[in-house]
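Me: I've got a model open here and would like to go through it with you. Can I fire off some questions?

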Amino acid sequence: MTPYAELDSPRVEVSPGGEATTTLAVRNNTDIVEAYEFEVVGECAAWVTVEPARLPLYPGAQGTVTLVLRPPLSASVRAGEVPLAVRVVPVEQPAMVAVPETTVVIAPFYRYRASLSPQRRRAWRSGRFQVNLHNQGNTPVAMPLAATDPAEDLRFSFDEESPELEPGERAELRLRARTSGLLWFGKPVGRPFRATAAVEAEAADDQLPEELDGELVQLPLLPRWLLALLALLLALILFWLTLGRPTVVTAAREAAEEKTIELAKEGKLLAPPPPEQPKPEVPPGQTPGEQPGETPGGQPPGGQRGSGQQVSQTIEVRTSSGRTDNGVSERVPEGKMFYVTDLVMANYQGDEGLLTIELGDRTITTIALETFRNQDLHWVTPLEVTSEEVVTVTVRCTRPGTPPSGRQADRCVELVNVSGVLRDAPR
C-alpha cells in the first residue's frame, strides 16, 4: 500500500531572490515501522529543499516535512507557473512511491543594462555608435531607445527604436549621429549627446532608465596645418616670382658674358655669335615652314594632323546596380573623318564595375571602375573614326559608390570626354 502524501497548498507564490515554504503531510498506512525519503523533481529541483530529508513513522502515524523554495535572482528562472512534484520513497518498501504535485508561481522581476561604444567618435559629418542591451530580468521586455543633444545640432537614427528582448538575451543596435552641416576649417568641435534606454513595464518603475553619454567630435575639412602650409607655399611662390627668379636669370647672363670675354681673350672665339633673328609669326594651326593651305609634308588639308576643327564630346552613362548600359557619341558628318587624340574618363563616385570603350567594332580599352577616379588616355597617332562609326561607352555596374555628399548612390554614373580633330575624309 502506497503512503498517504499531500501538499497543503495547490499553489505556491515566490519571488526570485526571496523565499517561500509549504508543508507536505505523510501518513504510514503499513503495519511496519517505515522511514520516508524525499526527492524533488521538475524545473524547481535545483532550488527546492525538503526539511527534514528523512521522516520515520510508526504504523498508522502521520508526520509533516517543510518544502523551502529559494529561486535565485536570475534570468534563468523565468516568470510564470512551474509544476512542482515530490517523490515520497519508503526506505523498506521503495516500490510503494507517492508523488504529490503542486504549482509554483514565480513572480517577474525587471533588470537591464545598457552601454554605448565607443563613447567618442571623430568624423567629418556623421558617426556610428553601438548600443549594447542586456535583459537580466526573468520576463520578456520591450526597451525603447531615444537620443538627444543639448545644442540640437545632431540628428539620430537607430536600427530598431524599440527592440524586444527575451530573459537573458543581448542585443547590439547601431546608433548614427549626423550633424546638420559641414565644418570647413578651424578646430574640431565636440558635440555631446545622451542616449536613454528604459523598459515598458509598470512594475519596472523602480529602476531608472539607463543614460548613455556620448560625443561626436566633428573634424574640419581643411585643418589648420593645411591652411598654414598653403599660406607658406603661396609666400614662397611670390618670393620666387618677385625676387628669386630675376636674380637667377641675371646671374646666368653675367656668367655667360664672362665666359664669352674669357674665350675671346684666349683666341678661341673667332667671331661673335650672329644676332638673334626674330621668328616669323605662324598662324594658328600651321607649323613653322608650312605654307598656308598645306599640312606638314606639303599635302593638302584633310589627311594629316595639324589642320581641321577641334571637337570635344562628353558621353554620360547612368547604370543601375547589376545592369549593363551604354552611351554613344554623335555620328561623324558625311565626308568627314574624326581623329581621336584624347580620352578623359571620370568616376567621381568611386563606382565598382567595368568600363569598355569601342570605336565602331574596335575595342579601345577595358578598365575596372574601382581602379580609378579620373583617368586620361592620349595618342600620338590619332584613332580614326569614319562617318559610319560612333564611339560607344559600355558600363557594367557592380556596386554604386559614394559621391561627395556622403550618401551611397543608387546607380553608377560615368563620364567619358572624347577629344580630337574633325577633318575632311581623304579622297
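Me: Which strand gives the most to the lining of the largest pocket?

Reply: Bear in mind that this is a predicted model. The largest pocket holds about 250 Å³ of space. Two strands, 12 (126-135) and 17 (170-179), each supply at least two residues of its lining. The top contributor, with three residues, is strand 12.

Me: And which residues of that lining are closest to the centre of the largest pocket?

Reply: The lining of the largest pocket has 13 residues. By class they split into five nonpolar, four polar and four charged. Those closest to the centre are R125, S126, R178, S405 and G406.

Me: Switching to sheets: in the open sheet of four strands, which strands stand at the edges?

Reply: The order across this open sheet is 11-19-18-14, with mixed pairing. An edge strand here has a single partner strand, so one of its sides is left without a neighbour in the sheet. That applies to strand 11 (120-123) and strand 14 (145-148).

Me: How many degrees does the twist average from one strand to the next in that sheet?

Reply: The sheet in question is the open one made of four strands, ordered 11-19-18-14. Going from one strand to the next, the twist averages 25 degrees.

Me: Which residue of strand 19 does R120 stand opposite?

Reply: Strand 11 runs parallel to strand 19 (residues 210-218), and four bridges pair them. Across that pairing, R120 faces a residue of strand 19, namely E215.

Me: How many bridges join strand 3 to strand 7?

Reply: Strand 3 covers residues 20-27 and strand 7 covers residues 62-69, and the two run antiparallel. A25 stands opposite T64 of strand 7. The number of bridges joining strands 3 and 7 is eight.

Me: Strand 7 also pairs with strand 5, so which residue of strand 7 does E51 stand opposite?

Reply: Strand 5 (residues 48-51) pairs with strand 7 in the antiparallel sense, over four bridges. E51 has its opposite number in strand 7, and that is T66.

Me: E51 turns up in a cis peptide bond too. What is its omega?

Reply: The bond in question joins E51 to P52. P52 sits in the loop between strand 5 and strand 6 (54-57). For this cis bond, omega is about -5 degrees.

Me: Where is P118, the proline in the cis bond from S117?

Reply: The peptide bond from S117 to P118 is cis, and its omega is near -15 degrees. As for P118, look in the loop between strand 10 (112-117) and strand 11.

Me: On to charges. How many residues apart in sequence are the parts that E39 and R87 tie together?

Reply: The model's salt bridge count comes to 16. E39 and R87 form one, with their closest N and O atoms 2.9 Å apart. E39 belongs to strand 4 (residues 34-41) and R87 to strand 8 (residues 80-90), so the parts they tie together are separated in sequence by 48 residues.

Me: Is E39 partly exposed or buried?

Reply: The cut-off for buried is under 20% relative accessible area, and exposed means over 50%. E39 has a relative accessible area of 39%, while its partner R87 has 29% and is partly exposed. With that value, E39 is partly exposed.

Me: What is the N to O distance in the salt bridge of K336 and D424?

Reply: This pair links distant parts of the chain, 88 residues apart: K336 is in strand 22 (residues 336-346) and D424 in strand 27 (residues 411-424). K336 is partly exposed at 29% relative accessible area, and D424 is partly exposed at 41%. Their side chains meet at an N to O distance of 2.5 Å.

Me: Which residues do salt bridges with shared partners join into one network?

Reply: Here the bridges share partners and so link up into one network. The residues joined are R194, E211 and D213.

Me: Last one: what is the phi of E152?

Reply: E152 lies in the loop between strand 14 and strand 15 (154-158). It is exposed, with a relative accessible area of 70%. Although E152 is not a glycine, its phi is positive, at about 55 degrees.

Key
Residues are numbered from 1 along each chain as its sequence is written. This is a predicted model: local features need pLDDT of at least 70, side-chain atom pairs count only at pLDDT 80 or more; totals for chains, interfaces and linings use all residues. Side-chain values use heavy atoms; hydrogens and water are left out. Two strands pair if DSSP finds at least two bridges between them. Axes are lines fitted to C-alpha atoms, for helices over the stretch in contact, and angles run from 0 to 180 degrees between N-to-C directions. On a 1 Å grid over the protein atoms alone, a cavity is a set of points where a 1.4 Å probe fits but cannot get out, and a pocket is an open set with protein on both sides within 12 Å along at least five of seven lines; lining residues have an atom within 4 Å of a point. Grid points are joined across faces, edges and corners, and a volume is the space filled by probe spheres set on the points. Ala, Val, Leu, Ile, Met, Phe, Trp, Tyr, Cys and Pro count as nonpolar, Asp, Glu, Lys and Arg as charged, and the others, Gly among them, as polar. A salt bridge is a side-chain nitrogen of Lys or Arg within 4 Å of a carboxyl oxygen of Asp or Glu. Buried means under 20% relative accessible area, exposed over 50%, partly exposed in between (1.4 Å probe, protein chains only).
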